[in-house]
Amino acid sequence: MTSPAPPIRSRPSPWPEGSQGATEALARLLSIDERQWHALKGQPRRRAAELLAAALVQLVNDGDATPMVEQALGWLQGELRDPGCPQHGR
């Protein structure tokens with residue numbers, strides 16, 4: 001008779017309990033939808049906050065947050081701007 005396999009131990013999370021849900025809630029709260037984009041397109045700090053919140057979600061889920069952080073910096077430093085709306089010819 002063989003003995004049962006030992007339980008698989010997952011490594012402990014480096015994040016406090018509830019971090020995943022909290023970052024996802026923040027990302028949803030700061031998300032800019034299509035209807036809001038026209039009103040908020042002149043606010044680069046708002047766009048940067050949206051991207052940084054999404055980057056936090058990536059971090060707590062062991063993803064690569066670097067591209068979102070770099071894009072957020074582009075908005076904050078004025079290197080990125082609203083590309084315009086294709087429906088309005090701009």
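Is Trp 15 buried, partly exposed or exposed? In this predicted model, Trp 15 is partly exposed, because its relative accessible area of 36% falls between the 20% limit for buried residues and the 50% limit for exposed ones.

## Ahead of helix 1

Let's start with the segment before helix 1, where you will find Trp 15. Pro 16 sits in the segment before helix 1 as well. With a relative accessible area of 56%, Pro 16 counts as exposed, since exposed means over 50%.

Pro 16 also has a partner to look for further along the chain: Val 60 is 44 residues away in sequence, and the two C-alpha atoms are 9.8 Å apart.

## A nonpolar patch on the surface

Trp 15 comes up again here, as it joins Leu 26, Leu 29, Leu 56 and Leu 59 in a nonpolar surface patch of about 450 Å². Two elements each give two or more residues to this patch: helix 1, residues 19–30, and helix 3, residues 44–60.

## The aromatic pair

Now for the other tryptophans. The structure has one aromatic pair. Its members are Trp 37 and Trp 75, with ring centres 6.1 Å apart and planes at 85°. The pair is therefore edge-to-face, as planes over 60 degrees apart fall in that class.

Trp 37 belongs to helix 2 (residues 34–40) and Trp 75 to helix 4 (residues 66–76), so the pair ties together parts that lie 38 residues apart in sequence. Trp 75 is buried, because its relative accessible area is 6%, under the 20% cut-off.

Notes
Residues numbered from 1 in each chain as written. Predicted model: local features only at pLDDT ≥ 70, side-chain atom pairs only at ≥ 80, totals over all residues. Heavy atoms only, no water. Patch = residues over 30% accessible without salt bridge, like charges linked within 9 Å, V, L, I, M, F, W, Y side chains within 5 Å. Areas by Shrake-Rupley, 256 points an atom, 1.4 Å probe, with all protein chains shown as cover. Salt bridge = Lys/Arg side-chain N within 4 Å of Asp/Glu carboxyl O. Helix = DSSP H or I, 4+ residues; strand = E, 2+ residues; numbered from the N terminus. Buried < 20%, exposed > 50% of the residue type's maximum accessible area, 1.4 Å probe, protein only. Phe/Tyr/Trp six-rings, centres within 6.5 Å; stacked < 30°, edge-to-face > 60°.
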